[in-house]
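Me: I would like a close look at one part of this model, namely the salt bridges and the side chains that take part in them. Please set that part in the context of the whole chain afterwards.

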Amino acid sequence: MSKTVLITGMAGFIGAFLAKQVLETTDYRVIGFDNCNNYYDPGIKENRLKMLYSAAKEDDKQIPASLMNGFACGRLIFVRGDLADGEAVDALFEKYHPEIVVNLAAQAGVRYSIDNPRAYIDSNLVGFFNILQACRNFPVEHLVYASSSSVYGTNKKVPYTVEDKVDNPVSLYAATKKSNELMAHAYSKLYSIPCTGLRFFTVYGPMGRPDMAYFKFTNKIVKGEPIQIYNMGDMRRDFTYVDDIVTGIQDVMHKIPEPTEDGARYKVYNIGNSTPESLLYFVETLENVLLEEGVISAPTEHELLPMQPGDVYQTFADVSDLECDFGFKPSTKLEDGLRSFAKWYKEYYQIDNVKQSE
């Protein structure tokens, strides 16, 4: 029997690719919910929604010029709204009664949280509370929600395992994500809501967020401007390609966690490539694929700077639980993932082949 899946943050990076895969691999009805704010270029969000509309349509009808105010197409319905609006969230659940909820909507970004803390309280705390309340009032089979590798803070032990203590966040963003895990556990125990949290590790790929390092680097390299590399380049990240993240989410969606010792159906997984790369190697690989794909003609200057507030030196995922329970672990090579991004970037920004410098 077909089910209804609610994906919050569906116009977002991960949400859009998840919705596309669910549409293409199941017969589920997909309900999307997103406020389509202007935290970054809304054109990219529109681009993602057009991708989804195209995947959902069953005839040759044209894609509307604008989709961000909501639409219905085949098994896909998109509703524009804000998680912080409790009445809107309740109305969504009352109308569509989703069996599976994937909460990906959140205010993202570590550095942005330093200057704009209220956005994180409204979206990541109030918004997630509204989702939990709706799952309580309109019972669901499974709530899957996005956490983050940021919860590990400055933990020295690597790789990070979900059993590690995560009591010392170094950014408000990380604190809100840890709070989500605590809130989900409480609601799972009190109201029998099966909940699974996913700690994502530095997700990248085509149609990604322009505030992410690889996207910002590319914008500057294209303009010939110097790029800023923090901690003098001595940083390591567990870069995870978006397709791997989406596969992990879809696997998890279909498996309700076993009860813990206290009876809560609650689980947390890491989803990361489990192969940290140095930031300098990452930049070198990015510049190489941009050159090879004709996006740039030459690398740019690198400006080495001290560590920024809220940043961590290294992220490194232990994904043994994911591999044990689902037989899956992220495996896309960095060069392959960045090449897919470079091809999309070239097409989206309509860049003609750039002749490389001799």
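Reply: Helices here are DSSP runs of H or I with at least four residues, numbered from the N terminus, and helix 11 in this predicted model is a good place to begin. Arg339 and Glu335 lie four residues apart in helix 11, which means that about one helical turn separates them. Their side chains meet in a salt bridge, with a distance of 3.0 Å from N to O. The two partners differ in their surroundings: Arg339 counts as buried because its relative accessibility is 19%, under the 20% cut-off, whereas Glu335, with a relative accessible area of 40%, is partly exposed.

Arg339 also forms a salt bridge with Glu293, and here the closest N and O atoms are 2.8 Å apart. This second pair links distant parts of the chain, since Arg339 belongs to helix 11 (residues 334-348) while Glu293 sits in the loop between helix 9 (279-292) and strand 14 (302-305), 46 residues away. Arg339 and Glu293 are both buried. Taken together with Glu292, the residues Glu293, Glu335 and Arg339 are linked in a network of salt bridges.

Side chains of opposite charge can pair when their charged atoms come close. The count for the structure comes to 10 salt bridges, and another of them joins Arg209 to Asp211, whose closest N and O atoms are 2.8 Å apart. Arg209 counts as buried because its relative accessibility is 18%, whereas Asp211 is partly exposed, with a relative accessible area of 24%.

Aromatic side chains offer a second view of the structure, in which a search finds 29 aromatic pairs. Tyr120 and Tyr173 form an edge-to-face pair, with 6.2 Å from centre to centre and 75° between the planes. That pair also links distant parts of the chain, as Tyr120 is in helix 5 (residues 117-137) and Tyr173 is in helix 6 (residues 172-191), 53 residues apart. Both Tyr120 and Tyr173 are buried. Tyr152 and Phe201 form a tilted pair, 6.1 Å centre to centre with 35° between the planes. Tyr152 lies in the loop between strand 6 (142-148) and helix 6, and Phe201 in the loop between strand 7 (195-200) and strand 8 (203-204), so that this pair links parts of the chain 49 residues apart. Tyr152 counts as buried at 1% relative accessibility, and Phe201 counts as buried at 0%. Ring pairs also link a cluster whose members include Phe341, Trp344, Tyr345 and Tyr348.

On the surface, Met232, Leu280 and Leu304 form a nonpolar patch with about 270 Å² of accessible area together. Met232 is found in the loop between strand 9 (227-230) and strand 10 (236-237), and at 49% relative accessibility it counts as partly exposed.

As for the whole, the protein chain has 11 helices and 14 strands, and buried residues make up 53% of its 358 residues. Its radius of gyration is 20 Å, which agrees with the value near 21 Å for a compact globule with 358 residues, and the C-alpha trace spans about 65 × 55 × 40 Å along its principal axes. Of the contacts with a separation of 6 or more, 81% are between residues 24 or more positions apart.

Technical notes: Residues are numbered from 1 along each chain as its sequence is written. This is a predicted model: local features need pLDDT of at least 70, side-chain atom pairs count only at pLDDT 80 or more; totals for chains, interfaces and linings use all residues. Side-chain values use heavy atoms; hydrogens and water are left out. Patches are made of residues with over 30% relative accessible area and no salt bridge: like charges are joined within 9 Å, nonpolar side chains (Val, Leu, Ile, Met, Phe, Trp, Tyr) within 5 Å. Accessible areas come from the Shrake-Rupley method with a 1.4 Å probe; for residues, only the protein chains shown count as cover. A salt bridge is a side-chain nitrogen of Lys or Arg within 4 Å of a carboxyl oxygen of Asp or Glu. Helices (H or I, at least four residues) and strands (E, at least two) are DSSP runs, numbered from the N terminus. Buried means under 20% relative accessible area, exposed over 50%, partly exposed in between (1.4 Å probe, protein chains only). The radius of gyration is taken over C-alpha atoms; the globule rule is 2.2 Å times the number of residues to the power 0.38. Contact means heavy atoms within 4.5 Å. Rings of Phe, Tyr and Trp (its six-membered ring) pair if their centres lie within 6.5 Å; planes under 30 degrees apart count as stacked, over 60 as edge-to-face and the rest as tilted.
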